[in-house]
Amino acid sequence: GAKWTYSGQDGQQYWSKHYPYCGGPFQSPIDIESELLRFDPTLGPIEVQNYDLSPDEQLTLGNNGHSVQLSLPGKMYISSLPRRYTAAQLHLHWGSSSKPAGSEHLVNSRQYAAELHVVHFNSDKYPNMSMAVDKSDGLAVLGVLIEVGEFNPAFEQFLKFINGVKYRDQKVQIPGFNIRGLLPPRLDEYYRYDGSLTTPPCYPSVLWTLFRNPVTISRKQFVALATSLYSSHAQDSTPLPLNSNFRKPQAVDSRVVLVSFKE
Ligand SMILES: NS(=O)(=O)c1cc(-c2ccccc2)cc(-c2ccccc2)c1
Ligand SMILES: [Zn+2]
């Protein structure tokens, strides 16, 4: 598709020129404000299966020019939703070393340093990700807010390879690790709403689950994430740093944000 960026002449306010859904309803991310929340007692803990990957498994870590992403094996899935949602990939959104606020979702207008997205597709209904990506019940994304604090050994399992994917379209194979370690300890407290991909083509196809509790990575880990990557190819004469790759909050309209917790 057409090239898009987060700022400048192809920036997010122009995405809808080539990607009409980006200008449509049910867009993500949003600012999750207290007055939007409704407690839903039917929202039980998120249950994930086969997230604990053996180091004998190889995962592909890549730079797609917009984020750093990690491919995930199809044996990983969410088992607590009405349909099985099978894992496809995970990636991150972050700020910059000068402005370490780069999460996509905000909570009461607070923007966190970064945000992890673990993307799954409805494998009960669709044969593969591509068939699911534009269907209203196609995708389920688990979102994790990230703040700067304690060193995070789970994130280190892929951050330590980040210099192998500095430039667009570079990929490296890394050993599997326990992806569950990237999620917060409690999977029973989360926000839930119907939204979209936060990047073009912005299909309104995502059931969003954003965990209430952030995880931490160290400042050194954050700086590595925010300063190691480029959105340009290795041979490009002008290297374009890859940072501040977050979409601004979108209109909530008449949407309600459900919460699995009372206070
Ligand atoms: N931010 S997100 O979760 O809504 C998202 C989901 C998917 C996605 C991935 C697999 C299947 C279907 C959708 C891809 C991206 C993406 C991020 C950077 C560059 C290009 C695309 C972002
Ligand atoms: Zn994302």
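This passage walks through a predicted model, starting at its metal site and moving out to the ligand, the cores and a few unusual spots in the backbone.

The zinc ion (ligand 2) makes a handy starting point. Three histidines hold on to the zinc ion at 2.0 Å: His 91 and His 93 each use NE2, while His 117 uses ND1. Counting 4 donor atoms in total, the angles run from 100 to 117°, and the site comes out as tetrahedral. For comparison, the ideal angle for four tetrahedral donors is 109.5 degrees. Along the chain, the donors of the zinc ion are spaced as H-x1-H-x23-H. His 91 sits in strand β7 (residues 85–94) and His 117 in strand β10 (residues 114–122), so this pair ties together parts that are 26 residues apart in sequence. How much of these two side-by-side players in the site is open to the outside can be put in numbers too. His 91 is buried, with a relative accessible area of 12%, and His 117 is buried as well, at 1%.Next comes ligand 1, which has 16 residues around it; the closest are His 66, His 91, Met 129, Leu 197 and Thr 198. Some familiar names turn up among its polar contacts. In the side chain of His 91, an N or O atom is 3.2 Å from a nitrogen atom of ligand 1. His 117 also takes part, with a polar side-chain atom 3.3 Å from a nitrogen atom of the ligand. For Thr 198, the distance between an N or O atom of the side chain and a nitrogen atom of ligand 1 is 2.7 Å. Taken on its own, ligand 1 has 490 Å² of accessible area, and the protein covers 87% of that. His 91 and His 117 thus appear twice in this account, as donors to the zinc ion and as contacts of ligand 1.

Then there is the nonpolar interior. In soluble globular proteins, nonpolar side chains tend to be buried together. Here, the largest nonpolar core has 48 residues, and Trp 94, Phe 155 and Ile 179 are the ones touching the most other members. Strand β7 supplies the largest share of this core, with 5 residues. That is the strand that also carries His 91. A second core, separate from that one, has 21 residues, including Val 141, Leu 197, Trp 208 and Val 257. Leu 197 has already come up as one of the closest residues to ligand 1.

The loops hold a few details of their own. Gly 65 lies in the loop between β4 (58–63) and β5 (68–71), and it is buried, with a relative accessible area of 5%. Gly 65 and Asn 245 are 180 residues apart along the chain, yet their C-alpha atoms are separated by 10.0 Å.

Two cis peptide bonds deserve a look. One runs from Ser 28 to Pro 29, with omega near 0°; Pro 29 belongs to the loop between α1 (15–18) and β1 (31–32). Another joins Pro 200 and Pro 201, with omega about 10°, and Pro 201 is in the loop between β13 (190–195) and β14 (206–211).

Finally, there are residues other than glycine with a positive phi. Asn 50 has phi near 60° and is placed in the loop between β3 (48–49) and β4. With a relative accessible area of 41%, Asn 50 is partly exposed. Asp 169 has phi near 70° and is found in the loop between α3 (153–159) and β12 (171–175). Asp 169 counts as exposed, with a relative accessible area of 51%, just past the cut-off of over 50%.

Notes: Residues numbered from 1 in each chain as written. Chains lettered and ligands numbered in written order. Predicted model: local features only at pLDDT ≥ 70, side-chain atom pairs only at ≥ 80, totals over all residues. Heavy atoms only, no water. Donors = N, O, S within 2.8 Å, 3.2 Å for Na, K, Ca; no water. Tetrahedral: all angles 85-135°; square planar, octahedral: opposite > 155°, others 65-115°. Helix = DSSP H or I, 4+ residues; strand = E, 2+ residues; numbered from the N terminus. Buried < 20%, exposed > 50% of the residue type's maximum accessible area, 1.4 Å probe, protein only. Near = heavy atom within 4 Å. Polar contact = N/O pair within 3.5 Å; in protein donor to acceptor, adjacent residues only side chain to side chain. Areas by Shrake-Rupley, 256 points an atom, 1.4 Å probe, with all protein chains shown as cover. Core = buried A, V, L, I, M, F, W, Y, C linked by side-chain atoms within 4.5 Å.
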